[in-house]
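Welcome, and please get your viewer ready. Could you load the model below and keep the selection tool at hand?

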Amino acid sequence: MESTNTEEIPLRHVEKDVLIPKLMREKAKERCADRVEAFNSCCKESGFLMVFKCQEQNSALKDCLTQHYQDPNFFEECKRLYIQEKQEFERTGIPAKNRTQKLPTSM
C-alpha cells in the first residue's frame with residue numbers, strides 16, 4: 001500500500017509551495033557552505049560597512065543559492081526527501097527532528 005514513487009503521492013499546496021522550498025533552502029545552504037561562511041566572516045569583520053565591503057561575497061552566495069533554487073533536479077531530490085520524511089512520520093508518528101535515539105545519561 002505504501003508507494004515509493006513520488007509521482008503517485010499527492011502533495012498539498014502548502015507542501016509544494018512552502019515546506020519543500022524550505023527544505024530546498026536548508027539543503028542549498030549546506031551545499032553553498034563555503035560561500036555562506038565567506039559572507040558571514042566578511043560581515044563580522046566589516047561591521048556597519050558590510051553593505052559596501054561584502055558585495056562580492058553576497059553576489060557569490062546569491063548566485064550559488066539561486067543556481068540550486070532553479071534546478072528542477074534539486075527540487076525533485078528535495079521533494080523525494082520530503083516525501084520519505086512524511087511517510088516515516090506517518091509510519092512512526094515521530095517527527096524527523098525528534099527521531100534520533102537518546103541515550104541514558106548515566107551509563
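What follows is a short tour, one selection at a time.

**Start with the whole chain.** Keep in mind that this is a predicted model. Colour it by confidence to begin: the average pLDDT of the chain is 86, and 84% of the residues score at least 70. Now switch to a cartoon view. You will find 5 helices and 0 strands, so the order from the N terminus reads α-α-α-α-α. If you compare the elements by mean pLDDT, helix α3 (residues 50-53) comes out lowest at 90, while α4 comes out highest at 96.

Before zooming in, here are two figures for the chain as a whole. Of its 107 residues, 23% are buried. Among contacts with a separation of 6 or more, 68% join residues that are 24 or more positions apart.

**Next, select the core.** Which residues touch the most other members of the largest nonpolar core? Select I20, C78 and Y82: these are the ones, in a core of 14 residues. Then show α1 (13-31), α4 (55-69) and α5 (72-92), each of which supplies at least two residues of this core.

Stay on C78 for a moment. Setting aside neighbours within four places in sequence, C78 is in contact with I20, L23, M24 and K27.

**Move on to helix α4.** Select L61, which is found in this helix. Is L61 buried or exposed? Its relative accessible area is 11%, which is under the 20% cut-off, so L61 is buried. Show its surroundings, again leaving out neighbours within four places in sequence, and you will see contacts with C32, R35, V36 and F39. For a distance to draw in the viewer, pick the C-alpha atoms of L61 and D34: they are separated by 8.9 Å, although these residues are 27 apart along the chain.

Now select H68, also in helix α4. H68 counts as buried because its relative accessibility is 14%. What does H68 touch, not counting residues up to four places away in sequence? The list is M24, A28, R31, C32 and F74.

**Hop over to helix α2.** Here, in residues 33-46, select S46. S46 counts as buried because its relative accessibility is 14%. Beyond neighbours within four places in sequence, S46 is in contact with K53 and C54.

**Finish at the largest pocket.** Turn on a surface and look for a pocket with a volume of about 500 Å³. To centre your view, select L19, K22, Y82, E85 and A96, which are the closest to its centre among the 12 lining residues. Which elements give two or more residues to this lining? They are α1 and α5. Colour the lining by residue type as a last step: it divides into 6 nonpolar, no polar and 6 charged residues.

Y82 makes a good place to end the tour. This residue is one of those that touch the most other members of the largest nonpolar core, and Y82 is also among the residues closest to the centre of the largest pocket.

Technical notes: Residues are numbered from 1 along each chain as its sequence is written. This is a predicted model: local features need pLDDT of at least 70, side-chain atom pairs count only at pLDDT 80 or more; totals for chains, interfaces and linings use all residues. Side-chain values use heavy atoms; hydrogens and water are left out. A nonpolar core is a set of buried Ala, Val, Leu, Ile, Met, Phe, Trp, Tyr and Cys residues joined through side-chain atoms within 4.5 Å. Buried means under 20% relative accessible area, exposed over 50%, partly exposed in between (1.4 Å probe, protein chains only). Helices (H or I, at least four residues) and strands (E, at least two) are DSSP runs, numbered from the N terminus. Contact means heavy atoms within 4.5 Å. pLDDT is the predictor's confidence in each residue, from 0 to 100. On a 1 Å grid over the protein atoms alone, a cavity is a set of points where a 1.4 Å probe fits but cannot get out, and a pocket is an open set with protein on both sides within 12 Å along at least five of seven lines; lining residues have an atom within 4 Å of a point. Grid points are joined across faces, edges and corners, and a volume is the space filled by probe spheres set on the points. Ala, Val, Leu, Ile, Met, Phe, Trp, Tyr, Cys and Pro count as nonpolar, Asp, Glu, Lys and Arg as charged, and the others, Gly among them, as polar.
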